[in-house]
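Please read the points below with the structure open beside you. They go from single contacts to whole chains.

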Amino acid sequence: MDFAFSEEQEMLRAAARSWLKAHYPADRVASLADGEQGWDPQSWREFGTLGWLDPELGVLEYAVLAEEAGYVLYPGPWWSTVALAGPVLGGLPDEPTTLAWAEAGAPDLRSAASSSATSATRAAGAWTLSGTKQRVPDLAIASSVLVVAAADGGTGIWRVAVSGGDVIPVSTVDRTRRLAELRLDSAAAEPILAPGSAGDALIAVRRRSLALLACEAVGITQWALDMSSAHAKERVQFGRQIGSYQGISHRVADVYTALQLARSLAYRAAWAVDADAADVDEAVTVAAVSAGEGAVLACESAMQVLGGIGFTWDHPLHRFYKRAQWIAAFDGTSRTHRAELATALLG
Amino acid sequence: MDFRDTTDEAEFRAGLRDWLADTLPANWAQRPPHVGHHPIEERRAWSRKLFDAGYVGLTWPTEYGGGGKPYSYQAIFLEETGRIGAPEHVGVIGLGMAGPTIRIHGTETQKKQHLAAILSGDTIFCQGFSEPGSGSDLASVSTRAELDGHSYVVNGQKVWSSWAHVADYCILLTRSDPAERGHRGMTYFILDMHSPGVAVRPLRQITGDPEFNEIFLSDVRIPAEDIVDVPGNGWNVAMTTLLHERGTLGFALTSHLEGNMARLLETVKQVGAADDPVVRDRVAGLYVELEGLRYTNLRSLTTLMKTGVPGPEGSVAKLCWSETNQRLTSFALELLGTDSQLDGDGGFWSGFWQFQQLRSRGNTIEAGTSEVLRNIIAERLVGLPRSR
């Protein structure tokens, strides 16, 4: 039993923390989030130079990077590429790539494997796709998109250039990880996974994306805790630092506690995905509940500790809060995750 | 990072499972759970079996009768014995508090006299820290120890002392220099509970059990060689005791909670509530809390194995465990409905859950109240200003 990151992984963490801190201060993230594109495309090349897109990285390295990216609220298609496209491609693509699985009335990853109203047809040796996909993360800023579609023989996955379809951005609460609708009308497509073989890939996507989102949520929780404690030490009311009042300090202690549990479960989930452990589905589900709820709690608690300032648009807190809520609603919620755990526990 | 047992750990786990299956009474796992604590003589006999098989003091040095193994073996031991609901060793205070303190601060004579006897269950320790006027504020202890020749004369009263009614020795915190206040002027003794002037009165708890006691000390003479460390350094020695209490407790507590979780699932099925979506949601929520504790313990354990000191993440274990255990046992009573009013022969599992639920209310008070633990987390781990 060894529950620690390796020395190399800790070095990666230290490097990522210092680079992200220098390049993604809160005011820059705010202007990107409020801007047209929502990210700095230059960051893709920078990530490449830093080695964060190297093929030899495993899920534990991604876990480290996801946590650090969450700590600064990095806006960009790194998570989509690594967690949504990576497991389908069996490696990382050169350009930002996302995955389109959801359709009207069928938002879940696993249900996408069984049926799809998006059709793939082959004529004269060339594939084309037609249909509408919903809520595709980072679609507007990706270069290509992997699309789950149905053909004779079942659901498979094809790659389409984003420019080959109509991209209709939808209004989202979190402006740092946006969603869009993808409309395809006989769009040229490259086959990636043969009809009938999307199921296993989508399970792998779910595992990796939930594990990495749990790590990202841990980064958000740590940020909210640091923000709360800095404010509680600095702010003076009734002649004392407010952090000396137990009404404040015990609230902060509860966030620290939630963070420790969530961190343990998020790291363990990443390991379970990496090692393809027998209990991987339980591991990612438990981590999703703990880390998702922990991040939301930490942001809500921070808002209370900060008082009015934390409720303003100008303070960065609301962006972290909205990302935490985004994570807590990805491919299910605590309620549906717990229902799944109950099936494992009670039949 | 790797959560799998090493080859040696896996072998140890398999051997322990076989040993438990062979040594516990037949059909042990199928019996309804035991209500309350196992009787002391049964636990003493069980402790002896554990000791003879080499399962006590797994991490203690071999020269004092321990196993000299890494901490992961102790974690495996607690996981496996917790899962099957095996009785606990009788020397809870000795193994978790007195033993580690003597190992760190004690003289060679004290180590030889006490450590092996704690492991075998021959010697039972109790703890004399809290006083009627000194609960969370431990630095205010007023039990007096006055030097008189080569021994100290001790007068005062201790309270909440579990095991005192059967204990042979007590780790006793006293004020030896009344001119000093707060953390200075305290002295830590090993008190022979059979000394003249020691009186023990059981305190009956809300469960009806007399698990705790008051200890009255009237002109009790303690030889100077029974001081742990040096006179006046009692506070630092007591901190070692509490560090070990809170540091190694996490695994034992979580393994207890894991046992209660298994029994909760069994109860849900027996009362026919397994299809109730509200019940399913709450059971799964409790399971997430249990898993969070379990893996946080493992993370803390890795820090302990790498650095020799439990990680700060472990300090949340007792706080979380106590509150989760309260939620779990209250929920179990809710499942029983009006049957929760019955205990004894007419009750579900003879009142197992009623005992567990009532006992759980003490969990957020004993071994550091939840309020003190939140202060510690806020001040020492988050770095907030002191509240007082």
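1. Two residues are counted as in contact if their C-beta atoms, placed from the backbone, lie within 7 Å. The model is a predicted one. With neighbours within four places in sequence left aside, A:Ala211 is in contact with A:Val59, A:Ala63, A:Ala269, A:Ala270, A:Val273, A:Val284 and A:Ala287.

2. Where does A:Ala211 belong in the wider picture? The largest nonpolar core has 209 residues, and A:Ala211, A:Ala214 and A:Ala287 are the ones that touch the most other members. Helix H7 of chain A (residues 198–234) gives this core its largest share, 18 residues. In soluble globular proteins, nonpolar side chains tend to be buried together.

3. The domain assignment splits chain A into domain 1 (7–89), domain 2 (97–196) and domain 3 (200–346). Between the centres of domain 2 and domain 3 of chain A, taken over C-alpha atoms, there are 30 Å. Contact between these two domains involves 13 residues of domain 2 of chain A and 12 residues of domain 3 of chain A. On the domain 2 side, helix H6 of chain A (residues 109–112) gives the most, with 3 residues. That side is made up of 8 nonpolar, 1 polar and 4 charged residues.

4. Chain B is likewise given domains: domain 1 (7–90), domain 2 (125–232) and domain 3 (237–381). The C-alpha centres of domain 1 and domain 2 of chain B are 31 Å apart.

5. How many residues of each chain are in contact with the other? There are 39 from chain B and 36 from chain A. In chain B, the helices that each supply at least two residues to this side are H6 (234–270), H7 (277–307), H8 (317–336) and H10 (370–381). The largest share, 16 residues, comes from H7(B). By type, the chain B side divides into 21 nonpolar, 7 polar and 11 charged residues.

6. One helix pair across the two chains deserves a separate look. Helix H8 of chain A (residues 246–275) packs with H7(B) at an angle of about 80°, and the axes are 8 Å apart. Angles of 65 to 115 degrees count as roughly perpendicular, so H8(A) is roughly perpendicular to H7(B).

7. Which residues meet in this pair? From H8(A) they are A:Gln260, A:Leu261, A:Ser264, A:Leu265 and A:Arg268, and from H7(B) they are B:Glu291, B:Gly292, B:Leu293, B:Tyr295, B:Thr296 and B:Arg299. The residues of this contact divide into 4 nonpolar, 4 polar and 3 charged.

How values were computed
Residues are numbered from 1 along each chain as its sequence is written. Chains are lettered from A and ligands numbered from 1 in the order in which they are written. This is a predicted model: local features need pLDDT of at least 70, side-chain atom pairs count only at pLDDT 80 or more; totals for chains, interfaces and linings use all residues. A nonpolar core is a set of buried Ala, Val, Leu, Ile, Met, Phe, Trp, Tyr and Cys residues joined through C-beta atoms within 7 Å. A residue is buried if 20 or more other C-beta atoms lie within 10 Å of its own, exposed if 12 or fewer, and partly exposed in between; C-beta atoms are placed from the backbone. Helices (H or I, at least four residues) and strands (E, at least two) are DSSP runs, numbered from the N terminus. Ala, Val, Leu, Ile, Met, Phe, Trp, Tyr, Cys and Pro count as nonpolar, Asp, Glu, Lys and Arg as charged, and the others, Gly among them, as polar. Axes are lines fitted to C-alpha atoms, for helices over the stretch in contact, and angles run from 0 to 180 degrees between N-to-C directions. Angles under 35 degrees count as roughly parallel, over 145 as roughly antiparallel, 65 to 115 as roughly perpendicular and the rest as oblique. Domain bounds come from an automatic or database domain assignment.
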